[in-house]
Amino acid sequence: MLWKIALQYLVKSGDLTVVDAHGKTHHFGVVGQMPRSVIRLHDVTLHRKLLLYPELYLGEAYMDGTLILEAGDLRDFLTIIATNFAVSKPTFFEKVAEAMTPITQKILQYNPLGIAQKNVAPHYNLSDKLYELFLDKDMHYSCAYYTDEHNSLEQAQQDKLRHIAAKLCIKPGMKILDIGSGWGGLAMYLARECGADVTGVTLSSEQHAKATQRVKEAGLEGRVRFHLKDYRHVDETFDRIVSVGMMEHIGVPFYREYFMKIKSLLKPDGVALIHCIGRLDGQGNTNPWLRKYIFPGGYAPALSEVTKVVEKTDLLMTDIEILRLHYAYTLRDWMTRIREHWDTVAKLYDERFCRMFEFYLISCEMDFRYLSTMVFQVQLTRDVNAVPITRDYMVDGERSYAQAQRAA
């Protein structure tokens, strides 16, 4: 059994038991060592599929119920896989795939006008009711900022907003563009707490409708507005530009176009901040299961793939910060809420959808905890004098926003 040999090669720690589709039991790792997981396969074709293409078929088997857990939960099982994979040596096939990356990226990350909107629809146009069940009250669907890993999701998301606002160095009355504005939480914060005039753009019709409704309910019309359009169609100029969790949907072949557009939209003394999921281990490709079921056309870049493009646009990188475990904690908290509302989610969709979302959140958490995924924030300017020369203003800004909110 080649699949058994592959698991013996991979799993050196943890206690994994596999009951194959013929009812035979196989043990891997160290018996009695935590975490412990027992899985059962109900489809004989999985013996071959999980050997040849585990990145796709593992998630599909869990979604379809042909792979079930008999001991431990999904986090236990994926922890065993992730921690062992983190210390394993690349196989021949993985080396071949890495060598092909420059070619496969152009195919898998083709996101021109039209296709980009089609790619975001399957995930971002899901019912708002689903997102309301597991996101914070302000509806932020991106990495929170945990000054303490035990902070609530609500506090961590508010701390993220302060962190971003401080880096943007905003003055009242400034015009701000929010690229990929989601449900409008960031734009409304920048208008309400910083006195800014904010324009947001999104490709999701569901998010656009919800964000517009929220602005009216908050009485922020005239200070915040949202447009259902591609950022490439924006033609004004702005004092500040911010983009949180949107660059992952652009694709490496379109990075130059993206940053050149930011440059053209940014005033000469303006500041931009890009917040994006990234890779710590160099260029690669998106996990095929994640690409198929969650983020078609999506890709988390290595910082090196970003900086080499920015350097050729005349934009200046004035600050770079790597956020390591913050998204792991965010995903953990989202998954806790999904479990609390599992029956409600199943009524909205079905049990297969619930298992898909569970696999998505926990597998991504494993990437941030044990593998090579992080979040980076890159501050960009056109003028070397656009921001202070030390980072003290960021700390001072966060404290100022926090004090103002407590006073309110």
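**Exercises on a surface patch and an open sheet**

Leu2 has its place in helix H1, and the model in which these exercises are set is a predicted one.

**Exercise 1.** Determine whether Leu2 is buried or exposed, and establish which residues join it in a nonpolar surface patch.

*Solution.* Begin with the relative accessible area of Leu2, which is 61%. Since a residue counts as exposed when this value is over 50%, Leu2 is exposed. Next, look for its partners on the surface: Leu2, Ile5, Leu51, Leu52 and Tyr53 form a nonpolar patch, and together they have about 500 Å² of accessible area. Finally, assign the patch to elements, where helix H1 (2-10) and helix H2 (46-52) are those that contribute two or more residues.

**Exercise 2.** Work out the strand order of the open sheet of seven strands, and identify which strands lie at its edges.

*Solution.* Reading across the sheet, the order is E7-E6-E5-E8-E9-E11-E10, and the pairing is mixed. The edge strands are therefore E7 (224-228) and E10 (316-323), because each of them pairs on one side only. From one strand to the next, the twist averages 15°. At the E10 edge, E10 pairs with strand E11 (residues 373-381) in the antiparallel sense over seven bridges, and Leu316 has Thr381 of E11 as its bridge partner.

**Exercise 3.** Find which strands are touched by helix H10 as it packs on the sheet, and which ones helix H12 lies across.

*Solution.* Helix H10 (residues 185-194) touches E5, E6, E7 and E8, and its direction makes about 155° with that of E7. Helix H12 (residues 255-265), in turn, lies across E5, E8, E9 and E11, and runs at about 150° to E9.

Technical notes: Residues numbered from 1 in each chain as written. Predicted model: local features only at pLDDT ≥ 70, side-chain atom pairs only at ≥ 80, totals over all residues. Heavy atoms only, no water. Patch = residues over 30% accessible without salt bridge, like charges linked within 9 Å, V, L, I, M, F, W, Y side chains within 5 Å. Areas by Shrake-Rupley, 256 points an atom, 1.4 Å probe, with all protein chains shown as cover. Salt bridge = Lys/Arg side-chain N within 4 Å of Asp/Glu carboxyl O. Helix = DSSP H or I, 4+ residues; strand = E, 2+ residues; numbered from the N terminus. Buried < 20%, exposed > 50% of the residue type's maximum accessible area, 1.4 Å probe, protein only. Pairing = 2+ DSSP bridges. Axes fitted to C-alpha atoms, helices over the stretch in contact; angles between N-to-C directions. Contact = heavy atoms within 4.5 Å.
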